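Work through these exercises with the model open beside you. Try each task before reading its solution.

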Amino acid sequence: MSLAGTPPAAESAAPNTDAASGGATVREPEATAAIKQAARAYSAMSDPKSKSYKVGPLDVLDITVFKVPDLSKTVQVSEAGTINYPLVGEMQAGGRSAREIEQDLTTLLGAKYLQKPQITVFVKEYNSQRVTVEGAVKKPGVVPMVGGLSLVQAVAQAGGSDEAADSTAVVFRTTNDKRSAIRYDMAKIRDGGAEDPLLQSGDVVIVPTSSMKQGFNIFVKMLPLATVVSFL
């Protein structure tokens with residue numbers, strides 16, 4: 001099933017039977033809670049309403065430095081994910097939250113130019129067409145979309161999977177305030193045994209690893225392959 005298409009019938013994320021993870025049996029309430037926690041954490045990265053939103057190329061930022069009007073600027077993130085800011089020069093903004101950018105600027109300006117600067121960063125325009133790739137990849141962060149972008153292409157642009165990667169990948173998507181997830185077998189896709197799905201702007205791709213938190217690993221193991229699961 002292609003993630004780019006609308007599934008004929010989405011399945012419920014709440015399991016009817018116990019799920020095993022790491023030799024332990026997980027009761028239904030525990031598994032459901034793990035799903036909701038993982039869903040909120042990872043889908044929030046692409047939700048403009050969330051503080052966890054990751055800035056992407058072409059987004060516009062309002063940067064305000066308290067009592068320093070000359071340093072209060074509106075800047076646009078470049079295609080490469082960077083911004084040019086007075087006294088600092090070029091710095092990375094893509095793949096970081098507004099709060100993380102605030103902390104970076106506070107550190108850089110406070111080191112040489114200002115004493116305890118008070119900086120706020122607000123995302124004024126959400127213009128980026130991008131997906132976020134996290135987990136067991138070599139360069140996690142925001143991947144800009146130029147034309148169509150498939151799952152394998154997105155992972156490749158994130159540097160490819162690292163040695164700790166699972167053989168699967170999970171794609172989170174939010175559509176009309178409704179969240180869904182689908183798990184893919186990356187090995188089968190690369191071998192031509194399964195479809196390489198097209199992604200949509202705002203998707204979050206997670207390449208799991210055994211070292212991830214237990215709740216997320218439970219969630220991944222409960223997802224059937226190539227089946228859209230709706231939640232929240």
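**Exercise 1. Place helix α2 against the strands.**

Task: Find which strands helix α2 lies across, and describe the sheet they belong to.

Solution.
- Step 1. This is a predicted model. Start at helix α2, residues 98-112. The helix lies across β4 and β8. Its direction makes an angle of about 140° with β8.
- Step 2. Now read the sheet. It is open, has three strands and follows the order β5-β4-β8. The pairing is antiparallel.
- Step 3. Pick out the edges. These are β5 (73-76) and β8, each pairing on one side only.
- Step 4. Check the twist. On average, neighbouring strands here are turned by 25° against each other, direction ignored.
- Step 5. Look at β4 and β8 in detail. Six bridges join these antiparallel strands. Across from I63 stands V121 of β8.

**Exercise 2. Examine strand β13.**

Task: Decide whether the two faces of strand β13 are covered or open, then name its partners.

Solution.
- Step 1. Strand β13 spans residues 204-207. In a regular strand, side chains alternate between the two faces of the sheet. So sort the residues by side: V204 and I206 lie on one, V205 and V207 on the other.
- Step 2. Test each side for burial, which requires under 20% relative accessible area. All four residues are buried, and both faces are covered.
- Step 3. Find the parallel partner. Strand β9 (residues 130-135) pairs with β13 in the parallel sense, over four bridges. V133 stands opposite V205.
- Step 4. Find the antiparallel partner. Strand β11 (residues 168-175) is joined to β13 by three bridges. Here V171 is the residue opposite V205.

**Exercise 3. Map the nonpolar cores.**

Task: Say which residues touch the most other members of the largest nonpolar core, and which elements supply it.

Solution.
- Step 1. Recall a general tendency: in soluble globular proteins, nonpolar side chains tend to be buried together.
- Step 2. The largest core has 21 residues. Those touching the most other members are V131, V133, L151, V155, V171, L199 and V205.
- Step 3. Trace the suppliers. At least two residues each come from β9, α3 (151-157), β11, β12 (178-185), α4 (186-190) and β13. Helix α3 gives the largest share, three residues.
- Step 4. Look for another core. A second, separate one holds 19 residues, including I101, L109, V121 and V123.

**Exercise 4. Find the aromatic pair.**

Task: Locate the aromatic pair, classify its geometry and state how exposed each partner is.

Solution.
- Step 1. The structure holds one such pair. Its members are Y53 and Y126.
- Step 2. The ring centres are 4.9 Å apart and the planes meet at 80°. Angles over 60 degrees count as edge-to-face, so this pair is edge-to-face.
- Step 3. Follow the chain. Y53 sits in the loop between α1 (28-43) and β4 (60-65). Y126 sits in the loop between β8 (119-125) and β9. The two are 73 residues apart, so the pair links distant parts of the chain.
- Step 4. Compare exposure. Y53 has a relative accessible area of 5% and is therefore buried. Y126, at 38%, is partly exposed.

**Exercise 5. Take stock of the whole chain.**

Task: State how many helices and strands the chain has, and what percentage of its residues are buried.

Solution.
- Step 1. Count the elements: five helices and 14 strands.
- Step 2. Of the 232 residues, 45% are buried.
- Step 3. Consider contacts with a separation of 6 or more. Residues 24 or more positions apart account for 59% of them.
- Step 4. Finish with the surface. The accessible area is about 12,100 Å², with 49% belonging to carbon and sulfur atoms.

Key: Residues numbered from 1 in each chain as written. Predicted model: local features only at pLDDT ≥ 70, side-chain atom pairs only at ≥ 80, totals over all residues. Heavy atoms only, no water. Buried < 20%, exposed > 50% of the residue type's maximum accessible area, 1.4 Å probe, protein only. Contact = heavy atoms within 4.5 Å. Areas by Shrake-Rupley, 256 points an atom, 1.4 Å probe, with all protein chains shown as cover. Pairing = 2+ DSSP bridges. Core = buried A, V, L, I, M, F, W, Y, C linked by side-chain atoms within 4.5 Å. Phe/Tyr/Trp six-rings, centres within 6.5 Å; stacked < 30°, edge-to-face > 60°. Axes fitted to C-alpha atoms, helices over the stretch in contact; angles between N-to-C directions.
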